[in-house]
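The following exercises introduce a protein model to a reader who meets it here. Please study the sequence and the structure before attempting each task.

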Amino acid sequence: MKKVSKDDNFYFLFFALLGLLFSSAVVQQLFEEGQKMILAFIIICLAFSIVGVNRKQTFYRSWYGFLLSLAAVSGGFSFLEGYDLSIVTLSAILFFFLSHTVTALKQVMLTDYVSRNQIIGSICIYLLFGMSWSIIYLIQIEIFPTAFNGIEAKPWTENLFEVIYFSFITLTTVGYGDISPSLSIPRFFVFIESILGSFYLAIMVASLVSSRLNQNT
């Protein structure tokens, strides 16, 4: 099988995102005071994803490292009395996800050969969409405490899994209704995510799978 050396190894990103999703669920269910654990899991999982970035892309590796360091430092200060740098922490994590999304889109879309790595990359992009919107919703809750029905205004680490759950339910257009936006700006981002999720599955993934099957015939 042909190797595409210029691409990142998306397996690292894939397992990092799965680890982040699972660990946030475990902490939410089993540990009532798991705020510091959540932040630690986020930093560890996202740091693991950087391992898969091509070593020749030193700019991106440095940029990801800077964003993670900023998130860790600002998040640490938020646990001290008198400091609330939640917006800074969430913004750094959001830029991390968005940067990963952009580079993954370039590598998955701008390729003449579709390998298993590209298929995994397309799945990672879908997961990154859901995670990015989760952080966007958390930022909105920080700014507008009553942004969503079904989510209380609490420290963002306590709301993380609830928002992740809502984001992916929205991305897949399932919409159970147990959580819903109550303000206009959150509603705008909710329907944009729904449209994005529908079009992505219909166009990107179907195209990659079709190209993969054609290569094997």
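**Exercise 1. Helix H6**

Helix H6 is mostly covered, with 12 of its 16 residues buried. Here a helix is a DSSP run of H or I of at least four residues, a strand is a run of E of at least two, and both are numbered from the N terminus. Buried means under 20% relative accessible area, exposed means over 50%, and partly exposed lies in between, with a 1.4 Å probe and protein chains only. The model is predicted: local features need pLDDT of at least 70, side-chain atom pairs count only at pLDDT 80 or more, and totals for chains, interfaces and linings use all residues. Residues are numbered from 1 along each chain as its sequence is written, and side-chain values use heavy atoms, with hydrogens and water left out.

Task: State which residues of H6 are buried, where its kink is centred, and what phi is found in the residue Thr173.

Solution.
- Step 1. The buried residues of H6 include Trp156, Thr157, Asn159, Leu160, Val163 and Ile164. Towards the end of the list come Phe166, Ser167, Phe168, Ile169, Thr170 and Leu171.
- Step 2. H6 covers residues 156-171 and has a kink of about 30° centred on Glu162. The bend at a residue is the angle between axes fitted to the seven residues ending there and the seven starting there.
- Step 3. Thr173 follows H6 and belongs to the loop between H6 and strand S2 (180-181). Its phi is near 60°, a positive value in a residue other than glycine. Thr173 is partly exposed, at a relative accessible area of 46%.

**Exercise 2. Two residues of helix H4**

Task: Determine whether Ser86 is buried or exposed, and which residues Thr89 touches.

Solution.
- Step 1. Ser86 lies in helix H4, which spans residues 86-109. Ser86 counts as buried because its relative accessible area is 8%.
- Step 2. Contact means heavy atoms within 4.5 Å. Setting aside residues up to four places away in sequence, Ser86 touches Ser78, Glu142 and Trp156.
- Step 3. Thr89 is also found in helix H4, and this residue is buried, at 0% relative accessibility.
- Step 4. With residues up to four places away in sequence not counted, Thr89 touches Leu39, Ala71, Ser74, Gly75, Ser78 and Trp156. Ser78 and Trp156 thus appear in the lists of both Ser86 and Thr89.

**Exercise 3. The cavities**

Task: Establish how many cavities of 30 Å³ or more the structure holds, and which residues line the largest cavity.

Solution.
- Step 1. On a 1 Å grid over the protein atoms alone, a cavity is a set of points where a 1.4 Å probe fits but cannot get out, and lining residues have an atom within 4 Å of a point. Grid points are joined across faces, edges and corners, and a volume is the space filled by probe spheres set on the points.
- Step 2. The structure holds two cavities of 30 Å³ or more. The largest has a volume of about 40 Å³, and the second largest about 30 Å³.
- Step 3. The largest cavity is lined by Leu20, Ile42, Ile93, Phe97, Met131, Ile135, Trp156 and Leu160. At least two lining residues come from each of H4, helix H5 (116-143) and H6.
- Step 4. Ala, Val, Leu, Ile, Met, Phe, Trp, Tyr, Cys and Pro count as nonpolar, Asp, Glu, Lys and Arg as charged, and the others, Gly among them, as polar. The lining of the largest cavity has eight nonpolar residues, no polar and no charged.
- Step 5. Around the second largest cavity are Asp8, Asn9, Phe10, Leu13, Ser49, Gly52, Val53 and His100. This lining divides into three nonpolar, four polar and one charged.

**Exercise 4. Leu46 and Trp63**

Task: Find what separates the C-alpha atoms of Leu46 and Tyr64, and those of Trp63 and Phe96.

Solution.
- Step 1. Leu46 is found in helix H2 (residues 35-50) and counts as buried, at 1% relative accessibility.
- Step 2. The C-alpha atoms of Leu46 and Tyr64 are separated by 8.9 Å, although the two residues are 18 apart along the chain. Apart from neighbours within four places in sequence, Leu46 is in contact with Leu20, Leu68, Ile93, Phe96 and Phe97.
- Step 3. Trp63 belongs to helix H3 (residues 58-78) and is partly exposed, with a relative accessible area of 30%. Between the C-alpha atoms of Trp63 and Phe96, 33 residues apart along the chain, the separation is 8.4 Å.

Terms used. 1 Å grid on protein atoms, 1.4 Å probe; cavity = no way out; pocket = protein on both sides within 12 Å on 5 of 7 lines; lining within 4 Å.
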